[in-house]
Amino acid sequence: MEFKAEEGCIEAPDSEGVQSTASIHKRWAQTQPKTIQQNLTIITQFFPPDFAATGQLIYELALELAKLGIRVRVFAGQPGYAYDEDWAPAQEELVRNAPGSVKLRRTRAARLSPKRIRGKTINGLLFFIRAGLHLLRHQRYQGQLLLTSAPAYLPILGWLLNRLCDRPYAILIYDLYPDVAVQLGVVSEQHGLVRLWHWLNRQVWREAKNIIVLNTAMRDRLIQRCPECSPRITTIHNWADPDYIKPLPKTKNWFAQLHGLEREFTVLYSGNMGRCHDLETLLEAMALLADEPVRFVFIGDGAKAGRVREAIEQCHSGRCLWLPYQQRTALPYSLTCGDLSVVSLIPGVEGAVVPSKLYAMLAAGRPIAAICEPGSYLRELVQMSGCGRAFDNGDAASLAQYILALMHNPSESRRLGQAARTYLLRHFTPQQSARRYFEALHANLGAD
């Protein structure tokens, strides 16, 4: 598996004169028709100010598609995954005539215990119903429908509307269910609900005009479940904005200084601490390095956050720190407060989930340690980019040795960080990804 830019993508040169993302976007946009006016409705439960990465990505995608002349309407929920604002405006106009537009409408569906599985399920079902009613009421607004897998069963709404109203739709899959639940042992593959969900997925995929997945491992899982869908599957990686997340020396980073990290080698884990993420290997490496001058910082929340906090409490050296999700305005500083970033997946979930913070880590220009199974796309991405090293699940000793090696070799650490940043600029910017979305959806977008 090779991570190359899609055909037609403008490559950046290898030298210091790496093209800016703005210049790449400008050169491509100049080749496009000037009168494109097309409509796209995006349905997603999560959207800023919610901290969920899926919402942030949809926000950035909508802005970039507007620059390409698309009139985007987003229907989302109130903040519920991770937030510090009670309510966000019910309606917003985020972009107006530039040359497209972005209009947002939020439903005031309930937020019941959003950190518990039962609460998430109920909230997701309420959003599903509200989204369906919204689409039925706004049938006069034509154009393609793009549904995200947030919540996981939301794409079923597109299939139902297609049957009722002949409404074309595309789906964007972030996490593949019920595969995730089966891999985590929550439910058996033979359970009746799982078999029903697989059947529904196949119906949804067969009728979808486009199926967008985030890596080739996820594509392979879909093809295995539904081979006839292969021609309509497009692989488009997530991205990070390199104009927003930039390499920053810790001595000039207020976040690093606030937490006393500017003078010590720091290992950073930032993002969801869920059941699909291998925190155990990292925590074991932290224990092995208890007597070394290494700081460990965990930023985020999730099912395994309690386990992380317990391990930190047992770390009497004071070199371990847990922090909650940070505001978006703090991300350029929180993501650059470390000297080594860690991304991880447990065995068996390859192709079912994607750690979205990986791309922000590349943008931050820091080396990356990936904890994953052999053959993982994470392993190959790290190898192709030359930005760090991958470790088998459970191999805490090798990870600890690597941390010490980088701590004693600052020049190597800087080289790896530069490689990470360069790789992102070549392949995973918002402009490049929006162009790929545009091309994938273009044939089916409804023009006025």
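## A quick tour of three spots

Let's start with Ser344, which touches Tyr269, Cys276, His277, Asp278, Leu279 and Ile371, leaving aside residues up to four places away in sequence. Keep in mind that this is a predicted model. Besides Ser344, we'll look at a hairpin made by β3 and β4, and at a nonpolar surface patch that includes Leu136.

**Around Ser344**

- You'll find Ser344 in strand β12, which covers residues 340–344.
- Ser344 has a relative accessibility of 1%, so this residue counts as buried, given that buried means under 20%.
- One of the residues Ser344 touches is Asp278, and the side chain of Ser344 reaches the backbone nitrogen of Asp278 at 3.1 Å.

**The β3–β4 hairpin**

- Strand β3 takes in residues 91–95 and strand β4 residues 101–107; the two pair in the antiparallel sense, with four bridges.
- Want a handle on how they line up? Glu92 has Leu104 in β4 as its bridge partner.
- Five residues sit between the two strands of this hairpin, and Asn97, in the turn, has a positive phi of about 55 degrees.

**The nonpolar patch**

- Over on the surface, Ile129, Leu133 and Leu136 make up a nonpolar patch, and together they have about 270 Å² of accessible area.
- Leu136 belongs to helix α3, which runs over residues 117–137.
- Is Leu136 buried, exposed or partly exposed? Its relative accessibility is 43%, so Leu136 counts as partly exposed, a label for values between under 20% (buried) and over 50% (exposed).

Technical notes. Residues numbered from 1 in each chain as written. Predicted model: local features only at pLDDT ≥ 70, side-chain atom pairs only at ≥ 80, totals over all residues. Heavy atoms only, no water. Pairing = 2+ DSSP bridges. Patch = residues over 30% accessible without salt bridge, like charges linked within 9 Å, V, L, I, M, F, W, Y side chains within 5 Å. Areas by Shrake-Rupley, 256 points an atom, 1.4 Å probe, with all protein chains shown as cover. Salt bridge = Lys/Arg side-chain N within 4 Å of Asp/Glu carboxyl O. Buried < 20%, exposed > 50% of the residue type's maximum accessible area, 1.4 Å probe, protein only. Polar contact = N/O pair within 3.5 Å; in protein donor to acceptor, adjacent residues only side chain to side chain. Contact = heavy atoms within 4.5 Å.
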